[in-house]
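Student: Please take me closely through one part of this model, a single strand and what surrounds it. I would like the account to be connected, going from the strand outwards to its neighbours and then to the side-chain contacts beyond.

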Amino acid sequence: MKILITGASGQLGTEIQRQLKNGGSALGPVPERLKNAIVIPTDVQELDITDRDATIAFVRRHQPDTIISCAAFTNVDGCETDPEAAFQVNAIGASNLAQAAERINARLIHVSTDYVFRGEGDHPLDESEQIAPKSVYGKTKALGEAYVRDFCHRYFIVRTAWLYGYAGKNFVKTMVNAGKKFGKLEVVNDQLGNPTNAEDLAHHILKLAVSHDYGVYHCTGEGICSWYDFASEIIRLAGVDATVSPCTSAEYAAKHPAAADRPAWSALENRMLACTVGNEMRDWKTALADFFAHWTPEE
């Protein structure tokens with residue numbers, strides 16, 4: 001099998017490549033059909049997904065069986081200040097990849113986000129829930145999902161949340177570095193969701209890559225916590241001498257007026273995984289502890 005990965009240098013794209021190279025993850029081996037997969041890693045330097053003609057030509061030239069689309073404009077605050085760039089990458093980029101995949105009958109695995117929902121609720125949201133994004137990031141990702149549905153019939157839309165991994169920037173590394181630097185942290189305790197280890201997400205994406213169970217999936221860590229709970233566990237596992245104090249979203253917004261609104265409720269349910277290829281996503285604390293057991297902090 002030949003797999004094209006966009007956004008290959010990001011934390012998820014890097015993790016997918018690592019598992020394909022190593023033949024598996026902490027959750028188990030990669031599917032048999034992927035053990036000798038040819039991987040075509042791309043980032044914006046090799047492939048600008050906002051350029052429709054270039055994207056179609058690139059995909060036609062390489063003829064991948066599967067495209068895994070990890071490329072996205074994920075800076076939530078940056079999307080608010082530069083909505084045009086967010087639209088180009090998150091919506092038009094998804095459209096171009098979907099059209100390119102359809103022309104060669106390739107599968108498209110498109111990574112999306114919990115931000116497509118309104119951010120309200122009192123129960124984990126499964127794939128049947130209606131989307132209603134509020135932020136520019138959420139709106140452009142929702143439009144990207146729509147384009148994938150419209151232009152490609154062999155698609156998987158995989159929504160995840162609160163993602164962290166060995167490569168790139170993420171909340172875990174930010175908390176560790178800030179704890180070391182300042183000795184005290186203040187983190188919101190009224191926004192709830194599911195921390196997700198990129199290793200777990202990549203493992204499930206590769207299971208989907210060899211299935212025919214097309215559709216929309218949620219793929220997040222098991223268990224619900226607040227950002228404060230998440231940060232507290234990060235500092236504990238890191239062994240950093242720092243205190244973590246809770247605050248409300250309103251208190252945080254007053255101190256950071258330029259920050260975009262974050263969802264108060266981001267908890268997702270992995271129902272489609274459980275009904276198809278199997279839900280092996282670990283409890284968020286277990287997955288986080290495993291991350292720290294293998295992560296070497298950058299000095």
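Tutor: One cut-off is needed before anything else: a residue is called buried when its relative accessible area is under 20%, exposed when it is over 50%, and partly exposed in between. The model is a predicted one, and the part I would choose is strand β7, which covers residues 155–160.

Six of the six residues of β7 are buried, so the strand is largely enclosed by the rest of the structure. The enclosure holds on both of its faces, since Tyr155, Ile157 and Arg159 are buried on one side and Phe156, Val158 and Thr160 are buried on the other.

Within the sheet, β7 has a partner on either hand. Strand β6 (residues 107–113) runs parallel to β7 and is joined to it by six bridges, and in this pairing Arg159 of β7 is the bridge partner of Ser112. β7 also pairs with β12, again in the parallel sense, over four bridges, where Phe156 has Gly215 of β12 as its bridge partner. In general, the strands of a sheet pair through backbone hydrogen bonds, in either a parallel or an antiparallel way.

The connection from β6 to β7 includes a helix: β6, helix α5 (residues 136–151) and β7 together make a right-handed β-α-β unit. Helix α5 lies across β6, β7 and β12, and its direction is at about 160 degrees to that of β6.

Seen as a whole, the open sheet is built from six strands in the order β4-β1-β5-β6-β7-β12, with parallel pairing. The edges are taken by β4 (38–41) and β12, each of which has a single partner strand, so one side of each is left without a neighbour in the sheet. Neighbouring strands of this sheet are turned against each other by 20 degrees on average, direction ignored. Towards the β4 edge, strand β1 (residues 2–6) pairs with β4 in the parallel sense over four bridges, and Ile5 stands opposite Pro41 in β4. Helix α1 (residues 11–22) packs on the sheet there, touching β1, β4, β5 (66–69) and β6, and its direction makes about 155 degrees with that of β1.

Returning to β7, its residue Phe156 also takes part in a ring contact. By the centre-to-centre rule, with ring centres within 6.5 Å, the count comes to 16 aromatic pairs. In the pair of Phe156 and Tyr214 the ring centres are 5.0 Å apart and the planes stand at 50 degrees, so the pair is tilted. Phe156 belongs to β7, whereas Tyr214 sits in the loop between α7 (198–208) and β12 (215–218), so the contact ties together parts that are 58 residues apart in sequence. Phe156 is buried, with a relative accessible area of 0%, while Tyr214, at 26% relative accessibility, counts as partly exposed.

Another aromatic pair, that of Tyr166 and Phe291, is stacked, with 5.0 Å from centre to centre and 15 degrees between the planes. Tyr166 lies in the loop between β8 (163–164) and α6 (171–182), and Phe291 lies in helix α11 (residues 284–294), so this pair ties together parts that are 125 residues apart in sequence. Tyr166 is partly exposed at 22%, and Phe291 is buried at 0%. Ring pairs link these two residues into a cluster whose other members include Trp162, Tyr164, Phe171 and Trp295.

Helix α7, which comes before the loop of Tyr214, brings in charged contacts, and the structure holds 14 salt bridges. The side chains of Asp200 and Arg282 meet in one of them, at 2.6 Å from N to O; the pair links distant parts of the chain, since Asp200 is in helix α7 and Arg282 is in the loop between α10 (271–275) and α11, 82 residues apart. Both of these residues are buried. Arg282 also meets Asp290, at 3.2 Å from N to O, and Asp290 is buried too.

Glu280 and Lys207 form a further salt bridge, at 2.6 Å from N to O. Glu280 lies in the loop between α10 and α11 and Lys207 in helix α7, so parts that are 73 residues apart in sequence are tied together. Glu280, at 34% relative accessibility, counts as partly exposed, whereas Lys207 is buried at 14%.

How values were computed. Residues are numbered from 1 along each chain as its sequence is written. This is a predicted model: local features need pLDDT of at least 70, side-chain atom pairs count only at pLDDT 80 or more; totals for chains, interfaces and linings use all residues. Side-chain values use heavy atoms; hydrogens and water are left out. Rings of Phe, Tyr and Trp (its six-membered ring) pair if their centres lie within 6.5 Å; planes under 30 degrees apart count as stacked, over 60 as edge-to-face and the rest as tilted. Helices (H or I, at least four residues) and strands (E, at least two) are DSSP runs, numbered from the N terminus. Buried means under 20% relative accessible area, exposed over 50%, partly exposed in between (1.4 Å probe, protein chains only). Two strands pair if DSSP finds at least two bridges between them. A crossover is right-handed if, with the strands pointing away from the viewer, the path from the first strand over the helix to the second runs clockwise. Axes are lines fitted to C-alpha atoms, for helices over the stretch in contact, and angles run from 0 to 180 degrees between N-to-C directions. Contact means heavy atoms within 4.5 Å. A salt bridge is a side-chain nitrogen of Lys or Arg within 4 Å of a carboxyl oxygen of Asp or Glu.
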